Structure formats: C-alpha cells, structure tokens
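Please look through the sequence and the structure shown below before reading the notes that follow.

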Amino acid sequence: MKSLASFILPSILGLVAGVGHGIASHHQELPFSLADQVVESVQGAVFN
C-alpha cells in the first residue's frame, strides 16, 4: 500500500500544480504555454 501511495500523492500534486500553472498563465496572458517551454528547453539541450 505504501508503494501505491508514493505514486498517487506525487501524481495528484503534479496534476494540481499543472492546472494551477495553466490557470495562472491564462489569466496573465503569458506568451508561451508550458508545452512550448518544454519543447524549447528540450530542443536547446539536444542541439547545443
């Protein structure tokens, strides 16, 4: 049961953080979405 709890709790916290980030980005009208930021960082890491 502990292994299941150690998987579910971080998953729920990550989901809440992601939704919160999306809401904050939308209200602040930020130019990049979270997905765009991830793609840029991955491309920068791969091609540099």
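Which residue follows α1, and what is the sign of its phi? The residue after α1 is E29, and its phi is positive, near 55 degrees. This is a predicted model, in which local features need pLDDT of at least 70 and side-chain atom pairs count only at pLDDT 80 or more, while totals for chains, interfaces and linings use all residues. Residues are numbered from 1 along each chain as its sequence is written, and side-chain values use heavy atoms, with hydrogens and water left out.

**Helices**
- The protein chain holds two helices and zero strands, where helices (H or I, at least four residues) and strands (E, at least two) are DSSP runs numbered from the N terminus.
- Helix α1 covers residues 2-28, and I12 lies in this helix.

**Exposure**
- Of the 48 residues in the protein chain, 2% are buried, a term for under 20% relative accessible area, with exposed meaning over 50% and partly exposed in between (1.4 Å probe, protein chains only).
- I12 is partly exposed, because its relative accessible area is 46%.
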